[in-house]
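Thanks for sharing this one. Here are a few friendly notes to read alongside the model.

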Amino acid sequence: MLQLQGINAHYGKLHVLHDISLTIAEGERVGIFGHNGAGKTTLLRACVGDLDECSGDVRYRDQTVGRGEVHRNVGFGMGFVPQGHNVFRDLSVAENLEIAGLRHGQAALAEVHQIFPLLKERSEQIASSLSGGQQQMLALGMALMTRPSILLLDEPTIGLAPVIVRDVLRSVTQINRTRGTTLVIVEQNVQATLENVDRAIVIKSGRVIFDGPSQKLLDEESLWHLF
Ligand SMILES: Nc1ncnc2c1ncn2[C@@H]1O[C@H](COP(=O)(O)OP(=O)(O)O)[C@@H](O)[C@H]1O
Ligand SMILES: [Mg+2]
């Protein structure tokens, strides 16, 4: 269980997150939505201890998530995929996975290959020559090499063609189904994401303005002005 209690975050004088408290259960699939600049990325960074100016309490599986200790928090089972292409472009697919999985090695690799067979087929291909969707798959595969129990993804489908968006989101859901991994996904592709998560959280100006079943947002178009 991931628990945030009274989180306030600042960048210098800018107060970005205002007193956010929420709990995410094991195995839950959560989408986080909101306008540009709402504070979604900052919220994910708060979850993994990647912020300097953050007060409040973050706990994961009863351990305190320390500020500025992202590497230690990875050891607790937290996997974070920041926005953008997070692969070593000049290295092969296999080398990228190897670097990401120094702690777990072959067993983790077999698991990643099972979830993303393409990453096995393309082992020797240089990452920069993969398509955008394939690079995103590789970034996900790299995060999985640390065997996370919770995966936090910042706009995993940004810049991808609509048909690929659904592929990537389906792959992510498959990780949840096969490994029970808790998912927290920040997304601009709201509709496609709502179809793949159980719960939706909407952030506006650093505050939670909706937190409920994703089906409720899908059903009630009157709520769509929220994001
Ligand atoms: N490193 C930073 N330094 C200063 N301001 C930042 C930084 N990162 C984000 N911000 C500001 O904080 C606010 C929230 O940003 P962010 O969490 O990235 O929003 P979102 O991911 O919802 O688009 C925005 O006003 C943004 O300009
Ligand atoms: Mg962002």
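1. A convention first: angles under 35 degrees count as roughly parallel, over 145 as roughly antiparallel, 65 to 115 as roughly perpendicular and the rest as oblique. The axes of α6 and α7 come within 10 Å and cross at roughly 20° (axes are lines fitted to C-alpha atoms, for helices over the stretch in contact, with angles from 0 to 180 degrees between N-to-C directions). Therefore α6 and α7 are roughly parallel to each other. Helices (H or I, at least four residues) and strands (E, at least two) are DSSP runs, numbered from the N terminus.

2. On the α6 side, the contact (heavy atoms within 4.5 Å) uses Gly133, Gln136, Met137, Leu140 and Leu144, while α7 brings Ile164, Val168, Ser171, Val172, Ile175 and Arg179.

3. This is a predicted model: local features need pLDDT of at least 70, side-chain atom pairs count only at pLDDT 80 or more, and totals for chains, interfaces and linings use all residues. Residues are numbered from 1 along each chain as its sequence is written, and side-chain values use heavy atoms, without hydrogens and water.

4. The largest nonpolar core (buried Ala, Val, Leu, Ile, Met, Phe, Trp, Tyr and Cys joined through side-chain atoms within 4.5 Å; buried is under 20% relative accessible area, 1.4 Å probe, protein chains only) has 32 residues, with Leu97, Phe116 and Leu138 making the most contacts inside it. α6 gives the most to this core, seven residues.

5. Beyond its neighbours within four places in sequence, Phe116 is in contact with Met137, Leu140, Gly141, Leu144, Ser171 and Ile175. Another core lies apart from the largest one, with 30 residues, including Leu4 and Val65.

How values were computed: Chains are lettered from A and ligands numbered from 1 in the order in which they are written. Buried means under 20% relative accessible area, exposed over 50%, partly exposed in between (1.4 Å probe, protein chains only).
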